[in-house]
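This report is meant for a reader meeting the structure for the first time. It takes up the contacts between chains, then the sheets and the helices that pack on them, and finally the salt bridges.

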There are 4 protein chains.
Amino acid sequence: MYNLLKGKRGIIFGALDENSIAWKTAERVHEEGGVFVLTNAPAAMRLGNISDLALKTGAQVIPADATSVTDLEKLIEQAMDILGGKIDFVLHSIGMSVNVRKGNHYTNQNYDFTQKGWNVSAVSFHKVLQVLYKKDAMNEWGSIVALSYMAAQRVFPDYNDMADNKAFLESVARSFGYFFGRDKKVRVNTISQSPTATKAGQGVKGFNGFIAFADKMAPLGNASALDCANYTVSMFSDLTKMVTLQNLLHDGGFSNVGVSQEVMEMFE
Amino acid sequence: MYNLLKGKRGIIFGALDENSIAWKTAERVHEEGGVFVLTNAPAAMRLGNISDLALKTGAQVIPADATSVTDLEKLIEQAMDILGGKIDFVLHSIGMSVNVRKGNHYTNQNYDFTQKGWNVSAVSFHKVLQVLYKKDAMNEWGSIVALSYMAAQRVFPDYNDMADNKAFLESVARSFGYFFGRDKKVRVNTISQSPTATKAGQGVKGFNGFIAFADKMAPLGNASALDCANYTVSMFSDLTKMVTLQNLLHDGGFSNVGVSQEVMEMFE
Amino acid sequence: MYNLLKGKRGIIFGALDENSIAWKTAERVHEEGGVFVLTNAPAAMRLGNISDLALKTGAQVIPADATSVTDLEKLIEQAMDILGGKIDFVLHSIGMSVNVRKGNHYTNQNYDFTQKGWNVSAVSFHKVLQVLYKKDAMNEWGSIVALSYMAAQRVFPDYNDMADNKAFLESVARSFGYFFGRDKKVRVNTISQSPTATKAGQGVKGFNGFIAFADKMAPLGNASALDCANYTVSMFSDLTKMVTLQNLLHDGGFSNVGVSQEVMEMFE
Amino acid sequence: MYNLLKGKRGIIFGALDENSIAWKTAERVHEEGGVFVLTNAPAAMRLGNISDLALKTGAQVIPADATSVTDLEKLIEQAMDILGGKIDFVLHSIGMSVNVRKGNHYTNQNYDFTQKGWNVSAVSFHKVLQVLYKKDAMNEWGSIVALSYMAAQRVFPDYNDMADNKAFLESVARSFGYFFGRDKKVRVNTISQSPTATKAGQGVKGFNGFIAFADKMAPLGNASALDCANYTVSMFSDLTKMVTLQNLLHDGGFSNVGVSQEVMEMFE
């Protein structure tokens, strides 16, 4: 609506269905004049309906396994070909815990599953960054965002090993962000989003209690997927050029509330 | 340039001269279609040339001492009259330490000066918020920003008692932000800006060493006053509706760098 | 019981009655072989029974208004005379909000009250530090602790302006701690304690809901006044010589829990 | 010297040679009356002289690969047998990056190496915790500490992928600490130590610049391995029972200094 991203080219990882934050972000980026390719793992693509999104936003879809450096190299080459130049923005919205899926409690991990979840959820971000960096595929003042969750800082018991993966992810944003900033003038940040009723979110046990609690704690309530898309647009725009290495809390204020009046009254 | 603030009304505190962050913000808000009144303390107004800015941005100037509740009440009433409705955005860019001005070291404070600086730099923000809140002067989804500095979290020896004032200011943003969010759907945040060569910044002893060090540490270098104005515009826009109670680091990455390569090499 | 503080001399501010953290700390310091003077404001002393504590711990009581530099100067001189040398440890456990006492909501402050509470709760700590520093009254590797509360970082609605005072207090610990460390090898920290059923704590509206919520969130439950006394002893001992400028969370884990299982289940 | 750990039984991972933090900790724990078994990876044991330490402290050495759940199970069973009961304290001081060893820059990772380093440095801690938890091998009010480094929060360019591993490790301490606290009354914390001239530390490129910078920034200078041992003793003692889920900065104040006077003057 503002043409905030006119002339900018990007890659959006992780749009699955219309509840996905990545989906909403793609829609909003499109409205703001940005062009992009969509990508997801082949397996994830079969679950969702990404081709509808592609049609709607005039984007091409390039399947890629984000844990495969080879796939990422092809993706990034093709994206630059299709879009006609270097990349200005990237959204990494990828996360998955096999321990969660298999119902393993945090204190009863299967470490093969732990490794797989870590690889998909956290190392994939390093790989994306490393391939972009080595190929010199980002324009100066480009912006890279990965989605995170506050479990990286505080315990949410059912979030399981995804908490540790998000902590690793946020560290990668800082560590790689340093070199990307210094060498390429590119910023790297994570957005720590309210619990959101996406397909991934709903897979977490106790998700309803979780989301209701957060909503009652946050003075503005939980941020929606669309809110997150809007915020991500602002982080892709030229208005936020000097924000980097940050973990940006986008949560209606939840993170800085010790207890809300409403919650406290339940304990009186 | 994007019409991001079209239809929005605001109040901007603390524009002194063309180096001020508040000055740059006024210019950028004007470009984005926002309308506002400018205000500053009568004494500060004599030092600067705020009428040039007013002319350029079509704004009226209302002198007000931000430590005076009466002045603030008048200001806010008049602003709503002039602008034709409730307020959508407020920038608080006010800070002053008498101990710094008088050359008192942090370990040798004059406590009357300490109190005066605290009152001007920190309590003034509570007063602005309290008057806005009591008068129900903010529109829903309005945005209030105060400028802060990282000395609120870490020691910068020459920043003196302003560090403690900024810590108080940031706490006020959280504390009042909770009630403003819950009751009025208004967000309140602080932006923690790189050291900036404004009139206020330059008053700090050792400022040159300070700013050079920060610039060498930050992967993107120091954020300028104009960068800060752009970021503030994004925080006033509808893209960031669910960001509240936050202290937003706007510093080219400085805050999350332990040591940069360049700085480290000086110690090898 | 361990002779951890044998040969150490100190000053303990703020013991009111047997529920006070300062009271428990005095008892534990005495058990660990430390000697000290007790001090409190004359008004506070009339409310409590500090002379019982003095008797029990072999301490002298020196009344002092911690907002008065003159009183603090006398206190520190006398303490060194009585104890026979420079000071090794100091506990600052002082806090009071007139707005809380008068029932003023955070959004409806009387600013004279705000200032009084700030002066008593936060500036008093700077004054203690400044007098100690100027008189060179601390031994090398001495330890100074002030008690704080997590409202300095997150909103607890009824904690009112004490939140902002605690934020200021913690900043003073960092700011002054830098100079005290560099120049005198003295460490300065704050302990951020669980809500505790002291006289001061109980004055806070909604305290019961508050304390019950914290207890259900923290994996180890709330820390008691005695627990805090033990922790403070460790911070006064030679085991923690290199810990400085920190805000030490002492809360059974509360601060790093986003939600506990028990609390979440109330929302399912 | 204080008998602080009399009657307590523990396991100490990672003592290599007399510069190791784990080595110093073993010596100090022994002095404080604690008994323990020492353990290290078979490969690491060949490099060091752990048998000297064992002799000196009356400890038995049990080789174990901390990435092997089977080895850990045996270790913990044997430790309880040897020591005559459940465990009261555990020190995890294990870290290794293959990328660092092979000279791979952070932006040029070999992901097999990344995984190996993560497994040794971070997942090993989860495994230790999980085996202890499943075997119910810890006494109530036991204390588990892992050593970390501030690169988990801020960028130190040469620390490489160890930064991300430490972020994961600290997250594991929080995540598992929640369950260990709630279910077993055991506390879990990390100590974030100054850069220390251990065998591991010295392997980091640019280590000399690094350690000199930190020493000039910290008001008390860098904390030594012996200081860290003392602090760890305090964390194993009954004085700190309610401290859990924390990352404890032990760094002479470095973490909360934005810039020291000395460093700033180099930039003036």
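How many residue pairs are in polar contact across the interface of chain D and chain C? The rule finds ten such pairs, both residues being at pLDDT 80 or more, a condition that applies because this is a predicted model.

## The interface of chain D and chain C

On each side of this interface the count of residues in contact is 43, both for chain D and for chain C. The two chains bury about 3500 Å² between them, and carbon and sulfur atoms give 64% of that area. Three residues, D:L220, D:L239 and D:M242, supply 25% of the area that chain D buries against chain C, which is more than any other three residues supply.

While ten residue pairs are in polar contact here, the number of salt bridges between chain D and chain C is zero. The elements of chain D that each supply at least two residues to the side touching chain C are α7 (162–184), α10 (225–236) and β7 (247–250). Sorted by class, the residues on that side of chain D divide into 17 nonpolar, 17 polar and nine charged.

## The interface of chain B and chain A

In the contact between chain B and chain A, 42 residues come from chain B and 43 residues from chain A. The area buried between these two chains is about 3400 Å², with 64% of it on carbon and sulfur atoms. On the chain B side, B:L220, B:L239 and B:M242 supply 24% of the area buried against chain A, more than any other three residues.

Between chain B and chain A there are zero salt bridges, whereas ten residue pairs are in polar contact, both residues at pLDDT 80 or more. Two or more residues of the side of chain B that touches chain A come from each of α7 (162–184), α10 (225–236) and β7 (247–250) of chain B, and α10(B) gives the most, with five residues. By class, this side of chain B holds 17 nonpolar, 16 polar and nine charged residues.

## The sheet of chain B

Chain B has an open sheet of seven strands with parallel pairing, in the order β3-β2-β1-β4-β5-β6-β7. Its edge strands are β3 (60–61) and β7 of chain B, each of which pairs on one side only. Strand β1 (residues 9–13) of chain B runs parallel to strand β4 (residues 87–92) of chain B and is joined to it by three bridges; B:G10, for instance, has B:F89 in β4(B) as its bridge partner.

Two helices of chain B can be placed against this sheet. Helix α3 (residues 50–57) of chain B packs on the sheet and touches β2 (35–39) and β3 of chain B, with its direction making about 170 degrees with that of β2(B). Helix α10(B) also packs on the sheet, where it touches β4, β5 (138–148), β6 (187–193) and β7 of chain B, and its direction makes about 165 degrees with that of β6(B).

## The sheet of chain C

In chain C, an open sheet of seven strands, paired in parallel, follows the order β3-β2-β1-β4-β5-β6-β7. Because β3 (60–61) and β7 (247–250) of chain C stand at the edges with a single partner strand each, one side of each is left without a neighbour in the sheet. Strand β4 (residues 87–92) of chain C pairs with strand β5 (residues 138–148) of chain C in the parallel sense over five bridges, and the bridge partner of C:I87 in β5(C) is C:M138.

Helix α3 (residues 50–57) of chain C packs on this sheet, touching β2 (35–39) and β3 of chain C, and its direction makes about 175 degrees with that of β2(C). Helix α10 (residues 225–236) of chain C lies across β4, β5, β6 (187–193) and β7 of chain C, running at about 165 degrees to β6(C).

## Salt bridges

Side chains of opposite charge can pair when their charged atoms come close. Over all chains, the count comes to 35 salt bridges. One example is formed by A:K56 with A:E27, where the closest N and O atoms are 2.7 Å apart. This pair links distant parts of the chain, since A:K56 lies in helix α3 (residues 50–57) of chain A and A:E27 in helix α1 (residues 21–31) of chain A, 29 residues apart.

Technical notes. Residues numbered from 1 in each chain as written. Chains lettered and ligands numbered in written order. Predicted model: local features only at pLDDT ≥ 70, side-chain atom pairs only at ≥ 80, totals over all residues. Heavy atoms only, no water. Contact = heavy atoms within 4.5 Å. Buried area = accessible area lost by both parts, 1.4 Å probe. Salt bridge = Lys/Arg side-chain N within 4 Å of Asp/Glu carboxyl O. Polar contact = N/O pair within 3.5 Å; in protein donor to acceptor, adjacent residues only side chain to side chain. Helix = DSSP H or I, 4+ residues; strand = E, 2+ residues; numbered from the N terminus. Nonpolar A, V, L, I, M, F, W, Y, C, P; charged D, E, K, R; others polar. Pairing = 2+ DSSP bridges. Axes fitted to C-alpha atoms, helices over the stretch in contact; angles between N-to-C directions.
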